[in-house]
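Subject: structure handover

Hi,

Here is the structure I promised to pass on. My notes follow below it, so have a look at the model first and then read on.

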Amino acid sequence: MYFFTVFLLMKVFHLVLEMNTEAFLGEVLLLTPISVCISQTAGLVTIAADDFTDFTMGYYLELIIGMIEFVYLDAFIGYVTKLVPKIKMSIQRAFSRLRRRTISQQLLEGLVEEEDSVVEDLMGFLTAYGTATAGLYMTPFF
């Protein structure tokens, strides 16, 4: 029973660690080796199950969480992280009086962000898929 609790907590910790590391490094491709190591630990935790039933359930739980993560969670986290600066700016405008500035001045100050390209989003999704696949290939067989 403790296996599933530890496994789910580990997956949440991995998501938070990857998000913070990506924000720190600023590039998805620099995060790839770290993500492969994190996915390796998930495989090792699955192998460390008490019996075959826990191992099988852990494997399928990891598979289901991975599919949900690739299809829904990554897109949702990306959408929310794009909304946070806009929400922050609207709250700041609501509670304080800002003097009117031109868009070029706001760009210089970093208040208006440039648009992200679709290629970067696609590259992030493909990197996450490639990381999971590389971790799956490197998982030890016993």
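Let me begin with a term: rings of Phe, Tyr and Trp (its six-membered ring) pair if their centres lie within 6.5 Å, and planes under 30 degrees apart count as stacked, over 60 as edge-to-face and the rest as tilted. By that rule the structure holds two aromatic pairs. In one of them, the rings of F52 and F55 have their centres 6.2 Å apart and their planes at 35°, so the pair is tilted.

Before I go further, some ground rules. This is a predicted model, in which local features need pLDDT of at least 70 and side-chain atom pairs count only at pLDDT 80 or more, while totals for chains, interfaces and linings use all residues. Residues are numbered from 1 along each chain as its sequence is written, and side-chain values use heavy atoms, with hydrogens and water left out.

**Overall picture**

The protein has five helices and zero strands; helices (H or I, at least four residues) and strands (E, at least two) are DSSP runs, numbered from the N terminus. From that end on, the order is simply α-α-α-α-α. Of the 142 residues, 21% are buried, where buried means under 20% relative accessible area, exposed over 50%, and partly exposed in between (1.4 Å probe, protein chains only). As for contacts (heavy atoms within 4.5 Å), residues 24 or more positions apart account for 71% of those with a separation of 6 or more.

**More on the aromatics**

F52 and F55 are three residues apart in helix α3 (residues 52-95), so about one helical turn separates them. F52 counts as exposed because its relative accessibility is 64%, whereas F55, at 30%, is partly exposed. The other pair is Y59 and Y60: their ring centres are 5.5 Å apart and their planes are at 70°, so this one is edge-to-face. Y59 has 36% relative accessibility and counts as partly exposed, and Y60 is partly exposed too, with 44%. Y60 is also in helix α3, and its C-alpha atom is separated by 9.8 Å from that of T46, 14 residues away along the chain.

**Helix α1**

Helix α1 (residues 2-25) has 24 residues, which should span 34 Å at 1.5 Å a residue, and its end C-alpha atoms are indeed 34 Å apart. (The expected span is 1.5 Å times one less than the number of residues.) Its buried residues are F3, F7, M10, K11, H14, E18 and T21. You may stop at the lysine in that list: K11 is buried because its relative accessible area is 14%. Not counting residues up to four places away in sequence, K11 touches I65 and E69. Just after α1, G26 takes a positive phi of about 80°.

**Helix α2**

The 20 residues of α2 should span 28 Å, and the end C-alpha atoms are 28 Å apart, which agrees. There is, however, a kink of about 30° centred on I34; the bend at a residue is the angle between axes fitted to the seven residues ending there and the seven starting there. Buried residues in α2 include V28, L31, S35, V36 and I38.

What does S35 contact, leaving aside its neighbours within four places in sequence? The answer is E18 and T131. The side chains of S35 and E18 make a polar contact at 3.4 Å, meaning a pair of N or O atoms within 3.5 Å; within protein, one must be able to donate a hydrogen and the other to accept it, and residues adjacent in sequence count only if both atoms are side-chain atoms. S35 counts as buried because its relative accessibility is 6%.

**Helix α5**

T131 takes us to α5 (residues 118-138), whose 21 residues reach 30 Å from first C-alpha to last, close to the 30 Å expected. Its buried residues are G124, T127, T131 and G135. They cover an arc of only 60° around the axis (taken from the directions from the helix axis to the C-beta atoms), which puts them on the same side of α5. These buried residues pack against α2 (28-47). The face turned away from the buried side carries the exposed residues V118, V119, L126, Y129, L136 and Y137.

Over to you!
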